[in-house]
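Trainee: Could you pick a single part of this chain and walk me through it closely? I'd like to hear how that part ties in with what surrounds it.

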Amino acid sequence: MFSKIKKCDTDINVILDEPLTSDSCTKLIIELIKYVLYQKQQIPFAYDSLVQLQAKVKKTDRNSSFIKTLLNSLKNVSDHLSSELLLKGCIVKEVVIIVGATILSPKLQITLELPTQILDSLCHAECQHSSQKPLLNLMRSMMECSEFQDVMTLPLGPTNTFLLLQKSDNNSISSFFLPKPQYISPMQTTPSFRIKLLQKNQFNIDCNCANLVQIYREMASPCNKDDSTVQFQEHSHEQTVQAPFRWYQSREVIRGFKYIR
């Protein structure tokens, strides 16, 4: 399930039984961020509890602004990440989550290797490609990795959480993910994990998403099954005509906080 590649670096392999869509891939990444934030004590309560608390606390409460900022940060990251995964001419290879004061002084680093084949959510309905099963596989693999769980239990005071992408992008520079051409992962004793989302060799994508999407979404040019199948099968070969892979950093920094009683 996992193997060490060098000191302080551990591989966690996650076997996917079905293909990810751009939406389900985004949800997988965001749920991982939420899990890390809570386990590393960057937020005082689980994400769902913070959402409920935000609806109850008064605006004058000192915790209200912290919670609101945190929720807005996660939403911004989710929205822009989803856009990146949908963008034509853009291939996201890796997502890096860094917990620490700066990206060069991490207390924890988690690299998520994305599959080479991701279905377009504009052409595939969520009800046919749910994120629940891939998320369960991810959580199971993390739970089975004792090194990962040991690191998750170590206390860490409130600090920053950064998100970086390694992507090949022929589009204009994003206003949210800013280029970091000189970024190199620090070689130090910081706990570092590489989560690999591994797809089986062959998937059956004989779904009726084309009909469902056409019914539930008003699209000028609805996708058909043949187009989405070709996209799925040829996505990995598109890299030959893509720009080189480079690092980009989210301008949104997720800031940890403690609950003030």
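Mentor: Let's start with a yardstick: the expected span of a helix is 1.5 Å times one less than its number of residues. Helices here are DSSP runs of H or I with at least four residues, strands are E runs of at least two, and both are numbered from the N terminus. Residues are numbered from 1 along each chain as its sequence is written, and side-chain values use heavy atoms, with hydrogens and water left out. Keep in mind that this is a predicted model, where local features need pLDDT of at least 70 and side-chain atom pairs count only at pLDDT 80 or more, while totals for chains, interfaces and linings use all residues.

The part I'd pick is H1, residues 22–39. With 18 residues at 1.5 Å each, H1 should span 26 Å, and its end C-alpha atoms are indeed 26 Å apart, so the two agree. Just past H1, Gln-41 has a positive phi of about 60°.

How much of H1 is covered? Of its 18 residues, 13 are buried, meaning under 20% relative accessible area with a 1.4 Å probe and protein chains only (exposed is over 50%, partly exposed in between). For the chain as a whole, 48% of the 261 residues count as buried.

Now for what H1 feeds into. A nonpolar core is a set of buried Ala, Val, Leu, Ile, Met, Phe, Trp, Tyr and Cys residues joined through side-chain atoms within 4.5 Å. The largest one has 52 residues, and those with the most contacts inside it include Leu-32, Ile-33, Leu-114 and Leu-197. H1 supplies the largest share of this core, nine residues. Apart from it sits another core of eight residues, Ile-98 and Tyr-183 among them.

Leu-114 is a handy place to see H1 from the other side. Contact means heavy atoms within 4.5 Å. Leaving out residues up to four places away in sequence, Leu-114 touches Cys-25 and Ile-29, along with Leu-85, Val-92, Lys-93, Val-95 and Leu-197. That fits a wider pattern: residues 24 or more positions apart account for 84% of the chain's contacts with a separation of 6 or more.

As for trust, pLDDT is the predictor's confidence in each residue, from 0 to 100. The chain averages 83, with 76% of its residues at 70 or more. The stretch to be wary of is residues 225–239, where pLDDT stays under 50.
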